[in-house]
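User: I should like to go through this entry term by term. Please set each value against the definition behind it.

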Amino acid sequence: ATPTALMVGTGRGAQLGILIKGPEVLESTRRVDTVVLDKTGTVTTGRMTLLATHTATGVTEAEVLRLAGALEHASEHPIAQAVASGAAAQVGALPAPEDFANVAGLGVQGIVEGHAVLVGREQLLKDWSIGLPSSLARAKAEAEAAGRTAIAVAWDGEARAVLEVADAVKETSPEAIRRLRALGLTPILLTGDNRAVAESVAAQVGVDRVIAEVMPEDKVDVVRKLQAEGRSVAMVGDGVNDAAALAQADLGLAMGTGTDAAIEAGDLTLVRGDLRSAADAIRLSRKTLGTIK
Ligand code: ADP
Ligand code: MG
């Protein structure tokens, strides 16, 4: 394509809500045959809600929400925001943690009112040799079977509760995935969330390949592996944990509603955070490169 054709394509992109870093980006979309989609915040809204609290014997819901809510209040993760606002709604003002740390891809840990608190995946508790009692393991399994994310809460060395949070699929996601398929692309859902939740989201939007329970630093390896199989990979993501994968992909598409790290790493920004723009972007670049000479 001539520089003029590429300029025209770039201008049309802006009209469609697609910000293109440079005209050369359009060239790299030509061979793309696979689209890797981050789940949380990309295919789903990322606005999670706290739906239920299951407590261990002898533990009250109020103390769980107070300690877990206080810790999650210090994190920006969508799950953390759901837990913190759900907790504040039920128990009122939350104490400030004395100590706090994010554990990427697993949850949060810290000190609240003198208690050593963990909130996150079951794996986070396992890392501290804390197991779930059978009642909480059952609550977790049931929540996940229903397509919800189960978050474990422990303090002072014991599992105390399982929280259920859920995140809705974006209304536009099923149509976006139909459009990507119509362009001959294979969609793959990639997430750090557990397999049951990932499968449920995939089924709702019409994706049949799911790569779940991937640690943030391993997302880039998933992209590399697909490329090693001979695929040309587009990656769509919004999170800090997607940045390396966006940079590694043949084409990185960042949600405009996402983090600065993702936007900086991507080749394209989908300004409206609408996944349908991903299909528009790929169609536009093919058109620009193919039909305009
Ligand atoms: P995704 O790849 O879907 O964007 P993340 O890698 O951010 O997800 O997180 C993976 C999983 O780790 C989450 O599904 C959740 O179970 C757990 N997790 C991460 N951060 C938190 C947190 N602040 N509170 C509770 N759980 C968390
Ligand atoms: Mg995400």
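User: What makes a residue part of the surroundings of ligand 1, and which residues are the closest?

Analyst: A residue is near a molecule if its C-beta atom, placed from the backbone, lies within 6 Å of it. By that criterion 23 residues surround ligand 1, and the closest are Thr 40, His 77, Ala 80, Gly 192 and Asp 193. This is a predicted model, in which local features need pLDDT of at least 70 and side-chain atom pairs count only at pLDDT 80 or more, while totals for chains, interfaces and linings use all residues. Residues are numbered from 1 along each chain as its sequence is written, and chains are lettered from A and ligands numbered from 1 in the order in which they are written.

User: Why is ligand 1 said to lie between domain 1 and domain 2?

Analyst: The bounds come from an automatic or database domain assignment, which gives domain 1 (3–45 + 169–290) and domain 2 (46–167). Both domains contribute residues to the shell around ligand 1, so the ligand lies between them.

User: What makes residues of the two domains count as in contact, and how many do?

Analyst: Two residues are in contact if their C-beta atoms, placed from the backbone, lie within 7 Å. On this basis 13 residues of domain 1 touch 11 residues of domain 2. On the domain 1 side, the largest share, 3 residues, comes from α9; helices (H or I, at least four residues) are DSSP runs, numbered from the N terminus. The centres of the two domains, taken over C-alpha atoms, are 31 Å apart.

Conventions: Helix = DSSP H or I, 4+ residues; strand = E, 2+ residues; numbered from the N terminus.
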